[in-house]
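Welcome, and please get your viewer ready with a cartoon view and side chains on call. We will go from one selection to the next and look at what is there.

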Amino acid sequence: MGFKVTVEKGNLHFDSAHFITYGGKCEHLHGHNYTFSITLEGPLTPDSYVFDFVVLKEIGRRVSDPLDHRFLLPLNNTHLKLTHENEYWEILFEGRRYVIPDRDVYALPIDNITAERLAEYIWKEVAREVCERGGDDLTLLTVGVDEAPGQGAYFSQSLTFPNA
């Protein structure tokens with residue numbers, strides 16, 4: 001038996017551009033108005049809540065703010081040739097070449113900018129902050145990322161804390 005809390009959608013969103021490589025191909029550059037949700041599971045605190053909604057929304061916004069109005073760049077994508085110099089990113093895929101200023105790029109340590117990988121990335125960032133904010137008794141964290149209404153992906157994993 002357990003409890004869970006969720007914050008989602010209206011409070012948690014970011015608008016970003018990206019493309020995905022798949023099967024030797026590369027999508028056209030495009031964007032989404034992403035929304036996401038964060039769900040925490042665990043026992044009730046002595047004050048009868050799982051985790052403070054206000055704090056959870058703050059964490060979500062802090063994680064998503066850097067992603068907002070940026071081109072999301074997958075640093076670990078083996079299909080892209082990336083060069084970073086003179087405050088610009090150069091991105092090559094076969095005959096395509098993109099040159100984008102630093103200020104418009106958010107480079108992520110992932111292999112592709114899919115909803116699945118974004119959910120996993122956000123999960124890691126939220127988990128770190130939840131740990132720092134006293135979520136020691138929490139058992140499960142789930143992050144869902146929707147790139148359009150009714151079209152999304154989730155990443156869910158048990159939480160473990162260093163001193164637990």
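Start by selecting Leu92 and, in strand β8, Arg97: the two stand opposite each other. Keep in mind as you look around that this is a predicted model.

Now widen the selection to residues 96-101, which make up β8, together with β7; this pair is antiparallel and is held in register by six bridges. Follow the chain between the two strands and you will pass through a hairpin with two residues between them. Stop at Glu94 in that turn, where phi is positive, about 45 degrees.

Next, select residues 88-93, the whole of β7, and show the side chains. Which residues lie on its covered face, and which on the uncovered one? Trp89, Ile91 and Phe93 are on the covered face, while Tyr88, Glu90 and Leu92 are on the uncovered one.

Now add residues 81-85, strand β6, which runs antiparallel to β7 and is joined to it by five bridges. Two pairs are worth picking out here. Leu82 stands opposite Ile91, and Thr83 has Glu90 as its bridge partner. The link from β6 to β7 is also a hairpin with two residues between the strands, and Asn86 in this turn has a positive phi of about 50 degrees.

Finally, show all of these strands at once. What order do they take in the sheet? The three strands form an open, antiparallel sheet ordered β6-β7-β8. At its edges are β6 and β8, each of which pairs on one side only. Turn the view to look across the strands: the twist averages 15 degrees from one strand to the next.

Note on methods
Residues are numbered from 1 along each chain as its sequence is written. This is a predicted model: local features need pLDDT of at least 70, side-chain atom pairs count only at pLDDT 80 or more; totals for chains, interfaces and linings use all residues. Side-chain values use heavy atoms; hydrogens and water are left out. Buried means under 20% relative accessible area, exposed over 50%, partly exposed in between (1.4 Å probe, protein chains only). Helices (H or I, at least four residues) and strands (E, at least two) are DSSP runs, numbered from the N terminus. Two strands pair if DSSP finds at least two bridges between them. Axes are lines fitted to C-alpha atoms, for helices over the stretch in contact, and angles run from 0 to 180 degrees between N-to-C directions.
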